[in-house]
Amino acid sequence: MNATTELPCANCGARLNFSPGEQTLICPSCGSENELPPIAEGPWGGDAIRELDYHKALADMLSPSDVVEVETLPCPGCGAEVTFDAKTLAEECPFCATPLARSAGHSLKHPKPQGVLPFALQEREAKEKLKDWLGRLWFAPNGLKKYAEAGRPVSGVYIPHYTYDAQGSARYSGARGDAYYVTKTRTVMVDGKPKRQTYQERKVRWTPVSGHVKRLFDDVLVPASDTLLSQADQVEAGGHSWDLSALEPYREVYLAGFRAEAPTVSLNQGFDRAERTMDAILRRDIRFDIGGDEQRISHMSSRYDAITFKHILLPVWLAAYRWKNQPYRVVINGRTGQVSGERPYSAWKIAIAVVLGIAVAGAIGYAFALQQSGQL
């Protein structure tokens with residue numbers, strides 16, 4: 001994986017950038033458009049997104065063509081592993097704006113990406129989303145408004161993820177609860193006199209059960225980096241999952257002009273997270289299999305076979321900045337434009353709002369007291 005692929009412009013020879021949403025390459029020097037190079041044919045036809053064997057990868061038995069070694073710079077501020085251009089000597093981390101020096105770089109080996117979700121949102125559109133988001137923040141410091149109006153740069157970064165496929169199954173034991181109702185009577189007071197009243201009391205009849213459920217899991221998605229884990233739900237388009245059906249077979253051309261973060265989560269760590277997701281789904285399947293009105297699961301033993309995975313890249317625009325020496329970042333989904341982020345608050349603006357709120361409440365209370373006394 002190379003996040004700064006050098007593709008020369010056919011017109012002037014300058015390095016081309018991938019143009020989001022247009023499926024073309026744009027020259028930043030002369031502005032000419034260049035078509036994407038054709039897909040190179042390989043042993044699998046070159047146009048399919050393949051699944052890789054999970055256990056072979058853990059045993060370091062993948063084909064050399066399925067593994068890549070990249071030069072990365074580890075960020076001391078947030079821990080991100082960011083790939084860099086060989087000509088770049090110093091840069092800011094796109095995740096937290098920490099200065100980076102190339103002398104701190106090292107090599108990182110990981111499975112080659114099998115798929116990529118190309119950027120659909122242009123940089124200018126991402127800047128507009130950022131400006132609008134920052135401009136609508138309540139109790140933000142005045143300097144933050146200036147930051148928004150200055151049109152600060154955003155960085156296009158591909159975030160690594162794993163998807164897992166598996167044949168899941170689970171054996172269970174528990175109990176099925178079937179509700180029934182018993183008619184009972186009680187004494188209630190009506191107009192000061194006792195009166196007998198009947199009512200229905202709900203009870204549950206429990207029956208021991210055991211069984212076995214199966215489910216085929218496809219593309220269980222987990223981040224292959226913890227850099228943006230706290231914002232993962234927001235980055236996934238406001239609670240909606242990434243459109244993995246739009247994945248393209250990995251090609252370096254999609255990374256031209258962008259950066260990519262290398263995986264920092266191991267394959268087995270990623271599968272542990274996927275397993276928690278799959279276990280929750282199997283537990284739901286067990287409740288459905290038990291049936292009845294209520295269910296109890298006293299034991300569940302899950303198993304996953306035929307495990308395969310893909311390393312894929314998902315696009316985000318990042319704006320990282322520092323305010324009073326504290327790092328903040330805003331993340332913009334590179335497909336949908338959904339914005340989520342961290343922001344500072346102005347203490348004096350909050351204090352003024354509190355004082356004004358107390359003053360307004362006091363004035364309303366005073367007016368109400370005058371009205372009650374007949375003086376208003």
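Here are some exercises on this predicted model, each with a worked solution.

Residues are numbered from 1 along each chain as its sequence is written, and side-chain values use heavy atoms, with hydrogens and water left out. Since the model is predicted, local features need pLDDT of at least 70 and side-chain atom pairs count only at pLDDT 80 or more, while totals for chains, interfaces and linings use all residues.

**Exercise 1. The whole chain**

Work out how many helices and strands the protein chain has, and what share of its residues is buried.

*Solution.* Start with the elements: there are six helices and 17 strands. Here helices (H or I, at least four residues) and strands (E, at least two) are DSSP runs, numbered from the N terminus. Next, burial: of the 376 residues in the protein chain, 41% are buried. Buried means under 20% relative accessible area, exposed over 50%, and partly exposed in between, with a 1.4 Å probe and protein chains only.

Then look at the surface: the chain exposes about 20,500 Å², and carbon and sulfur atoms supply 51% of that. Accessible areas come from the Shrake-Rupley method with a 1.4 Å probe, and for residues only the protein chains shown count as cover. Last, take the contacts (heavy atoms within 4.5 Å). Of those in the protein chain with a separation of 6 or more, 74% are between residues 24 or more positions apart.

**Exercise 2. A small sheet and a hairpin**

Find the strand order of the open sheet of three strands, then say which strands stand at its edges.

*Solution.* First, the order is β1-β2-β3, with antiparallel pairing. Two strands pair if DSSP finds at least two bridges between them. Second, the edges belong to β1 (17-19) and β3 (33-34): each has a single partner strand, so one side of each is left without a neighbour in the sheet. Third, zoom in on β2 (residues 24-26), which two bridges join to β3. I26 has E33 in β3 as its bridge partner.

Now try the hairpin further along. β5 (residues 67-74) and β6 (residues 81-83) run antiparallel, joined by three bridges. T72 is partnered with T83 in β6. Six residues sit between the two strands, and G79 in the turn has a positive phi of about 85 degrees.

**Exercise 3. Looking for disulfides**

How many disulfides does the structure hold?

*Solution.* The rule is a pair of cysteine sulfur atoms within 2.5 Å, and the structure holds zero disulfides. Check C12: the nearest cysteine sulfur is that of C27, 3.4 Å away, and C12 is in no disulfide. Then check C30: this residue is in no disulfide either, and its nearest cysteine sulfur, again that of C27, is 3.5 Å away. As for exposure, C12 is partly exposed at 41% relative accessible area, and C30 is partly exposed at 34%.

**Exercise 4. Checking a helix length**

Compare the expected span of helix α5 with the distance between its end C-alpha atoms.

*Solution.* The expected span is 1.5 Å times one less than the number of residues. With 24 residues (267-290), α5 should span 34 Å, and its end C-alpha atoms are 34 Å apart, which agrees. Now scan the helix for buried residues: among them are L267, F271, A274, M278 and L282. Just past the end of α5, G291 takes a positive phi of about 75 degrees.

**Exercise 5. Salt bridges**

Where in the chain do the partners of the pairs K127 and E123, R202 and E294, and D219 and K310 lie?

*Solution.* A salt bridge is a side-chain nitrogen of Lys or Arg within 4 Å of a carboxyl oxygen of Asp or Glu, and the count comes to eleven.

- K127 and E123 meet at 3.8 Å, N to O. Both lie in helix α2 (residues 123-135), four residues apart, about one turn of the helix.
- R202 and E294 have their closest N and O atoms 2.9 Å apart. This pair links distant parts of the chain: R202 is in β12 (residues 193-223) and E294 in β15 (residues 294-323), 92 residues apart.
- D219 and K310 meet at 2.6 Å, N to O. D219 lies in β12 and K310 in β15, so the pair ties together parts that are 91 residues apart in sequence.

To finish, check burial in that last pair: D219 is partly exposed at 23% relative accessibility, whereas K310 is buried at 3%. E51 joins in too, as E51, D219 and K310 are linked in a network of salt bridges.
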